[in-house]
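Please examine the fold presented here, beginning with its sheet and ending with its largest pocket.

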Amino acid sequence: MSRIGLFGGTFDPVHYGHLRPALELAEHYDLDTLYLLPNHRPQHRNAPQATTHQRIQMLRRAVSDVPRLEVDTREAERNRATYTIDTLTEVAAENPNATLVFFMGVDAFAQFDAWHRWEDILSIANLVVIDRPDATLSDFARQLIERQVKSSGAAITPDSVGVIEQREVTQLAISATAVRGYVNRAQNIRFLLPDTVREYILEHQLYH
Ligand code: ATP
């Protein structure tokens, strides 16, 4: 049995608030691979954002020498909005013997009931909700965890599906919004993200 993790996000840009938890989770769950999964985002002209290609390049630079961490570009490279359920269905078909673990921050999980076919997600994958500074669980999220613990158990095992675990990781109060703000104000972004990503941002004059 292999274990595959997916961690979705905009990653505009990727920062240590994503990377440190990702590495800790890959090790804790003994994942063969944890894929950082940049989402599709329509490009608005003149928006102070990176392009899809640039978001992917920054992610690739960030994980190039990190064991277990990789980038899955399938959602970003599709030229339409995609749903997590479709991505997970594809990954499950490509890896028929794998246990799938989908990671999200507390803030993302608080709105999980608005996700397309969220109940179906729990029929093919397990969820790990990671703590994030200043974010708390919604009532819906708390009740859903209780329900899944009753129906699917409390811990992810090799053949489990539908388990939702909450996991503490090193808390880093970094957000991509804050990083973009620093760049915009010409402040130094060292120690918020890998130097390779910082160099890419400067080289391509992103977020001005
Ligand atoms: P933005 O500030 O642009 O909204 P972000 O920093 O929140 O971006 P995203 O790409 O939106 O980053 O986040 C992807 C996933 O990573 C989400 O599930 C989010 O909850 C989680 N995440 C982002 N930053 C942190 C952090 N500092 N600690 C824990 N989880 C985080």
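The paragraphs below describe the sheet, the helices across it and the pocket.

This is a predicted model, in which local features need pLDDT of at least 70 and side-chain atom pairs count only at pLDDT 80 or more, while totals for chains, interfaces and linings use all residues. Residues are numbered from 1 along each chain as its sequence is written, and side-chain values use heavy atoms, without hydrogens and water.

Six strands form an open sheet in the order E3-E2-E1-E4-E5-E6, with parallel pairing. Strands (E, at least two residues) and helices (H or I, at least four) are DSSP runs numbered from the N terminus; two strands pair if DSSP finds at least two bridges between them. Strand E3 (69-71) and E6 are at the edges with a single partner strand each, so one side of each lacks a neighbour in the sheet.

At one edge, strand E5 (residues 126-130) is joined to strand E6 (residues 164-167) by four bridges, and valine 129 has glutamine 166 in E6 as its bridge partner.

Helix H4 (residues 84-94) lies across E1, E2 and E4, at about 155 degrees to E4. Contact here means heavy atoms within 4.5 Å; axes are lines fitted to C-alpha atoms, for helices over the stretch in contact, and angles run from 0 to 180 degrees between N-to-C directions.

The lining of the largest pocket receives the most from E4, with four residues. A pocket is an open set of points on a 1 Å grid over the protein atoms alone, where a 1.4 Å probe fits, with protein on both sides within 12 Å along at least five of seven lines; lining residues have an atom within 4 Å of a point.
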